Every structure is written in C-alpha cells, then in structure tokens.
Amino acid sequence: MKAILDHVGIAVQDLGTALAFYRDALGLEIEAPEEVRAQRVRAHFIPVGQSALELLEATATDSAIAKYIEKRGPGLHHITLRVPDIRGALAQLKARGVRLVDDEPRPGAEGSLVAFVHPSAAHGVLVELKEPARPLVEQPVTRLSWGHLQLTTVSDGSFRLDGGSMFGIVPRPIWEQKAPPDDRGRIVLAMRALVIEADWGRMIIDCGAGDKLDAKRTDIFGVDRTRNLDHTLAEAGVARDAIDIALPTHLHFDHFGGAVVRAAGGLAPRFHRARHVIRRGEWNDALHPHERSRGSYIREDVAPLEAAGVVDFFDDDREIEPGVRVVRACGHTAHHQVVFIESGGKTAVCAADVVPTAAHIQDLWITAFDLFPMDSFAFKQRFLREAIDREYLIFFAHDPSIAAGYIREKDGKRTVEKVI
Ligand SMILES: [Zn+2]
Ligand SMILES: [Zn+2]
C-alpha cells in the first residue's frame with residue numbers, strides 16, 4: 001500500500017494558547033477554520049510542507065474531541081494517511097485481520113473518502129485513511145464490458161447548482177457533509193454521458209450542456225468545460241460522426257444541450273449522422289415550458305434538431321435497440337426516463353436525475369427542481385429497492401467522483417460501492 005502522511009490531528013483544549021505556540025512562537029500560518037458540524041469540532045489546518053497539522057477544537061461538550069480531552073488531556077489525537085485506493089487498502093487490512101472502526105469508507109471533507117483503523121490494531125494510535133477526491137478534470141474515460149456491449153463514460157465538464165435545491169427537503173447540515181458548497185452555496189456536479197457500442201452501432205445517452213450557454217448562465221451555473229465532450233469522446237476513440245443514435249434521458253440543458261452546436265451556417269446537430277430518439281411528451285414540454293420549468297429548458301438546444309430532420313419520436317416505454325430500453329420515470333419532469341442496459345444477464349441503468357449523485361440513494365433525497373416530487377418519490381422508492389435487490393449498476397450523471405456503482409444496503413444503511 002502506498003501511503004503519504006496527510007496530516008496529524010491534535011486535540012486542543014484552548015485554541016488561544018495553542019495558537020500562541022503554533023502560530024506565534026513557531027511562526028506557522030494557520031488556514032481559516034473548517035467547521036465539521038456532525039462531529040461538533042472546528043478544525044484549524046496548519047500546512048507544513050507536504051503534510052499538515054490539524055488543531056481540533058470541540059464546539060460542544062458531547063463532541064468526540066471534548067470526550068477525548070476529558071479522558072486523556074489535550075495532545076496527539078490521530079494521524080491521517082493518504083491512500084490512492086481506500087477500498088483496496090481496507091480489503092488488504094481486513095485480509096490481515098486488522099481491527100477496523102469503519103469496514104466501509106465514509107464521506108470526509110471536500111469529497112474525500114475516509115475510514116478509521118482501530119487504535120488497538122495500530123499500537124495505540126488512531127489511524128485515519130483518506131482517499132482524496134479526484135478533480136473531475138483528471139478523471140479518465142472509462143470503458144466497461146457489459147455482456148455483448150461496451151460502455152464508456154464520457155463527460156462534458158462540470159457545472160454548479162444550488163446545494164439546497166439539489167437536496168430538496170434534506171437539511172443543509174446533513175447534505176453539506178456529502179457535497180460541500182462553495183461561497184455561493186453551489187455544489188460541483190459532473191455532466192456525464194454514456195456511449196454504448198454494440199453490433200447494431202453506437203449510441204450516446206445524454207451529451208452535456210455543450211457550447212451554447214451565454215456568459216450569464218455560464219457564470220450562474222459555474223460551467224467549466226475545459227475538458228469537454230469533444231475531448232473525452234476523442235480519448236474514447238469515438239468520432240462525432242460515429243454516433244448512430246443520440247438518446248436523451250430528458251431535455252434539460254445540462255443533459256441534452258450538447259446535441260446542438262454552433263456551426264458555420266448557424267445551429268446544427270453535433271452528431272450529424274445520428275438519429276435523435278426522443279420521447280414526444282418531453283419534446284413538447286421542452287418547446288413549451290411553463291414558468292416553473294423555463295429555467296431548465298432552452299429552445300435552441302432542441303428546435304434545430306427537428307428542423308434538420310434528425311428526430312424520431314416515440315410515445316411509450318420501449319426497446320430502443322437490443323439491450324437498451326427506456327422506462328418513464330415521471331417526477332423530475334413529466335416525461336423523464338431512465339435507460340436500462342441489459343446484456344449477459346447483467347443490468348446497468350442510467351438513472352439521470354432520479355439518482356443524480358451517489359448521495360441521492362435515499363428515497364427522500366429528491367431535488368427541489370423536480371416538478372412532481374411525490375411521483376419522483378413513488379418511482380424512486382420502487383426503483384431503488386429493485387436496484388439494490390437485483391444489483392443494478394447505477395450510472396450517476398452528476399456525481400463529481402463516482403461515475404457508476406452498486407447501491408448496497410446493510411442494517412438499513414445504504415452506501416455506494418464505487419465501480420468506476
Ligand atoms: Zn434535469
Ligand atoms: Zn440533471
């Protein structure tokens with residue numbers, strides 16, 4: 001296992017006296033404190049070269065740090081080792097009979113994954129393992145064999161949406177542990193698409209926001225397309241004109257805006273050889289939005305497709321091509337659909353905005369953008385049960401670090417086992 005010392009955690013009783021030593025006497029620089037509300041501590045990081053010291057201050061008498069100080073006095077509390085693959089590290093430790101506090105990694109600060117090793121196994125030291133989140137721009141294009149099909153995740157960069165809106169009725173102290181907001185309250189989201197290669201051709205499911213957003217929207221949504229769909233498709237070895245079918249889960253700008261691009265003669269289909277297979281109800285809603293849905297549908301994302309004569313409409317759930325079928329999942333929009341990909345006895349699902357990130361694996365974690373939340377809830381409750389029981393691989397369109405994974409349930413607690 002390759003491990004780097006990330007930081008050393010020090011429990012302090014009185015921050016003022018601690019600062020008198022670390023900041024004033026040693027002359028080290030202290031970063032702005034970070035409040036970890038769930039653990040009722042405030043963390044002050046002090047960078048020292050490749051690692052850091054972390055001064056931990058209790059914010060309530062029942063916090064673990066307060067109890068630690070009460071029992072043992074202030075001092076060294078834990079060391080944190082940075083590992084590239086935390087699940088691999090835990091498996092290795094388990095195989096050697098090492099006692100762990102966490103069998104499964106849990107979400108830490110800034111999208112990292114963390115797990116504690118029991119101090120009794122580490123000779124009296126509380127050891128934390130940490131796998132830092134990989135920035136979206138570094139995430140590789142990943143290919144997966146799925147029966148007779150090849151699945152490749154590609155991405156159109158990232159954007160940001162209000163964290164509160166993304167998590168609906170979930171209180172902020174709970175969701176912000178899974179998705180820390182920026183100074184404007186927004187959380188980072190991926191815009192992922194999926195390419196399916198089969199003997200019947202190549203299909204792309206969703207295709208990101210594309211390049212048509214104006215400066216105002218680009219700023220509001222914090223769009224970052226420095227590594228976009230063109231780059232990731234090229235990395236995957238898929239040319240634009242190699243796409244035979246473009247299939248949207250729904251027509252929100254962050255999912256299908258990329259289907260139309262600016263071209264010499266005006267707006268044109270990006271995948272010019274492709275048939276665009278679109279549910280008629282969703283099409284009508286996208287072209288005739290009401291006040292509540294107007295923010296997410298952009299006319300110029302879709303209208304040019306019909307003008308170019310590249311759209312095939314359909315009305316009901318159906319098989320699009322062998323192994324690929326769509327199921328209406330009303331709620332987020334009236335005609336939002338999920339895409340089942342079935343081959344070799346295995347099932348994968350592009351769940352799109354029904355389960356936008358790995359944090360949305362609870363029935364009630366439904367975005368405030370959903371037009372019909374009770375319909376979302378009814379579908380989601382049924383779908384997640386099925387996904388867990390039948391072990392569907394779920395593709396998360398918006399999760400910044402997990403492209404696909406299995407939802408596991410143990411003692412009523414759900415987690416995502418990351419696959420890619
Ligand atoms: Zn949407
Ligand atoms: Zn979305």
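Donors, in this tour, are N, O and S atoms within 2.8 Å of the metal (3.2 Å for Na, K and Ca), and since water is not among the atoms, sites may look incomplete. This is a predicted model, in which local features need pLDDT of at least 70 and side-chain atom pairs count only at pLDDT 80 or more, while totals for chains, interfaces and linings use all residues. Residues are numbered from 1 along each chain as its sequence is written, chains are lettered from A and ligands numbered from 1 in the order in which they are written, and side-chain values use heavy atoms, with hydrogens and water left out.

**First stop: the zinc ion (ligand 2)**

Select the zinc ion (ligand 2) together with Asp254, His255, Asp353 and His398, whose donor atoms lie 2.1 to 2.5 Å from the metal. The two histidines each use NE2, whereas Asp353 is listed with two OD donors. Along the sequence these donor residues follow the spacing D-H-x97-D-x44-H. The pair Asp353 and His398 links distant parts of the chain, 45 residues apart: Asp353 sits in the loop between β21 (346–350) and α11 (373–389), and His398 in the loop between β22 (393–395) and β23 (404–410). Helices (H or I, at least four residues) and strands (E, at least two) are DSSP runs, numbered from the N terminus. Both residues are buried (under 20% relative accessible area, with exposed meaning over 50% and partly exposed in between, for a 1.4 Å probe and protein chains only); the value is 7% for Asp353 and 2% for His398.

**Second stop: the zinc ion (ligand 1)**

Which residue bridges the two zinc ions? Asp353 does, and the zinc ion (ligand 1) and the zinc ion (ligand 2) lie 3.4 Å apart. Now select the zinc ion (ligand 1) with His250 (NE2), His252 (ND1), His332 (NE2) and Asp353 (OD), which coordinate the metal at 2.1 to 2.2 Å. In sequence, the spacing of these donors is H-x1-H-x79-H-x20-D. His252 belongs to the loop between β13 (245–247) and α8 (253–256) and Asp353 to the loop between β21 and α11, so this pair ties together parts that are 101 residues apart in sequence. His252 is buried, at a relative accessible area of 6%.

**Third stop: His276 and its strand**

Move next to His276, which is found in strand β16 (residues 275–279) and is buried at 0% relative accessibility. The strand as a whole is mostly covered, with 4 of its 5 residues buried. Show the contacts of His276 (heavy atoms within 4.5 Å): leaving aside neighbours within four places in sequence, they include Phe256, Phe271, Leu305 and Val311. β16 runs parallel to β13, to which 2 bridges join it, and also parallel to strand β17 (residues 311–314), to which 4 bridges join it; strands pair if DSSP finds at least two bridges between them. To locate these pairings, select Ile245 with its bridge partner Arg275 in β16, then His276 with its bridge partner Val311 in β17.

**Last stop: two loop residues**

Finally, select Asp206, in the loop between β12 (201–205) and α6 (215–220), which has a positive phi of about 65° although it is not a glycine. Is Asp206 buried or exposed? At 3% relative accessibility, Asp206 is buried. Glu391, in the loop between α11 and β22, is likewise not a glycine but has a positive phi of about 55°, and at 46% relative accessibility Glu391 counts as partly exposed.
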